[in-house]
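Visitor: Hey, got a minute to walk me through this one? I'd like to see the model first and then ask things as they come up.

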Amino acid sequence: MRLVLVGPPGSGKGTQSDLLVKRLGLVEVGTGDILRLAIKQRTPVGVQVEPLLKQGLLVPDEIVNKLVAELFRGPNRPECFVMDGYPRTYAQAVAFDALLAQEMMNLDGVINLAIADDEVVRRISGRRCCSNLPACGVCYNIYAKPSKVPGKCDKCGSDLVLRDDDKEETVRRRLQEFHKNTAELLDHYRRKKLLREVSATDPVETIYANIVTALNQSAA
Ligand code: AMP
């Protein structure tokens, strides 16, 4: 199974990716995680993109396209995958199509996780992520999925933090960016008959079941 998850920050892309990884054995490719790791490791790309992530702005297409291409052309190329946060623009979708064609791979479906902006802001203000990167980085939510000990990661015990890019002002900017770029991206996949809409406001297990059903429809 090879799929792309599209949705604004806070739509539950990460949660659904985790389930798809655990249950279907997919490899998660999260460009946000790749970029945050580059920042933490102070690589040249990391230094370049840090101010953009802090402001909630998109990283230029060429940079993310190159990072994804390096991954897919490298020795650890994922065979079955869920893309979490890439492609995010029409230009990225075109570059990803070309990359997959070169690698003789097809997408099985593109899932659009639909949710209203105000619900996104409410959800994200409660998000807390493990500060131990890249070793852990698990995210919790003080409303929906709290850690057992407040402020501490269940998995590794490290401090949980509100990420800079999860602050309300940043979230609003990220939502603006998301809407600006997504219409064309979704149209592209709609034309290719790969797009499936799933409501992101249902319980986690319902959303997961709806994604699996939608992907089976794609394959039909
Ligand atoms: P995420 O963890 O997916 O919400 O991404 C966090 C931030 O990383 C975004 O706000 C962007 O600044 C950057 N980013 C992640 N993926 C992409 C992408 N495909 N294109 C451009 N910027 C990205």
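**Helices, ligand and sheet**

Guide: Sure. Let's begin with a helix pair: the axes of helix α5 (residues 90-102) and helix α7 (residues 168-191) come within 8 Å and cross at roughly 35°. Keep in mind that this is a predicted model.

Visitor: Which residues of α5 and α7 make the contact?

Guide: On the α5 side you have Tyr 90, Ala 93, Val 94, Phe 96 and Asp 97. From α7 come Asn 181, Glu 184, Leu 185, His 188, Tyr 189 and Arg 191.

Visitor: And how do the residues of that contact divide into nonpolar, polar and charged?

Guide: Six are nonpolar, two are polar and three are charged.

Visitor: OK, switching to the ligand. Which residues come nearest?

Guide: There are 16 residues around the ligand, and the nearest are Thr 31, Leu 57, Gly 85, Gln 92 and Arg 174.

Visitor: What does Gln 92 do with its polar side-chain atom there?

Guide: That side-chain atom of Gln 92 lies 2.9 Å from a nitrogen atom of the ligand. Backbone atoms join in too: an N or O of Leu 57 sits 2.6 Å from a ligand oxygen, and a backbone N or O of Val 59 is 3.0 Å from a ligand nitrogen.

Visitor: How much of the ligand's accessible area does the protein cover?

Guide: On its own the ligand has 480 Å² of accessible area, and the protein covers 95% of that.

Visitor: Which helix gives the largest share of the shell?

Guide: Helix α2 (residues 31-40), with four residues. Taking the whole shell around the ligand, you get seven nonpolar residues, four polar and five charged.

Visitor: Now the strands. What order do they have in the three-stranded open sheet?

Guide: The order is β6-β5-β7, and the pairing is antiparallel. The edge strands are β6 (139-141) and β7 (160-161), each of them pairing on one side only.

Visitor: How many bridges are there between β5 and β6?

Guide: Three, with β5 covering residues 127-130 and the two strands pairing in the antiparallel sense. Among the partners, Cys 129 is bridged to Cys 139 in β6, and Arg 128 is bridged to Tyr 140.

Visitor: What about β5 and β7, how many bridges join them?

Guide: Two, and those strands run antiparallel as well. If you want a residue to click on, try Cys 130, whose bridge partner in β7 is Leu 160.

Visitor: Great, I'll go and look at those.

How values were computed. Residues are numbered from 1 along each chain as its sequence is written. This is a predicted model: local features need pLDDT of at least 70, side-chain atom pairs count only at pLDDT 80 or more; totals for chains, interfaces and linings use all residues. Side-chain values use heavy atoms; hydrogens and water are left out. A residue is near a molecule or strand if one of its heavy atoms lies within 4 Å of it. A polar contact is a pair of N or O atoms within 3.5 Å; within protein, one must be able to donate a hydrogen and the other to accept it, and residues adjacent in sequence count only if both atoms are side-chain atoms. Accessible areas come from the Shrake-Rupley method with a 1.4 Å probe; for residues, only the protein chains shown count as cover. Ala, Val, Leu, Ile, Met, Phe, Trp, Tyr, Cys and Pro count as nonpolar, Asp, Glu, Lys and Arg as charged, and the others, Gly among them, as polar. Axes are lines fitted to C-alpha atoms, for helices over the stretch in contact, and angles run from 0 to 180 degrees between N-to-C directions. Contact means heavy atoms within 4.5 Å. Two strands pair if DSSP finds at least two bridges between them.
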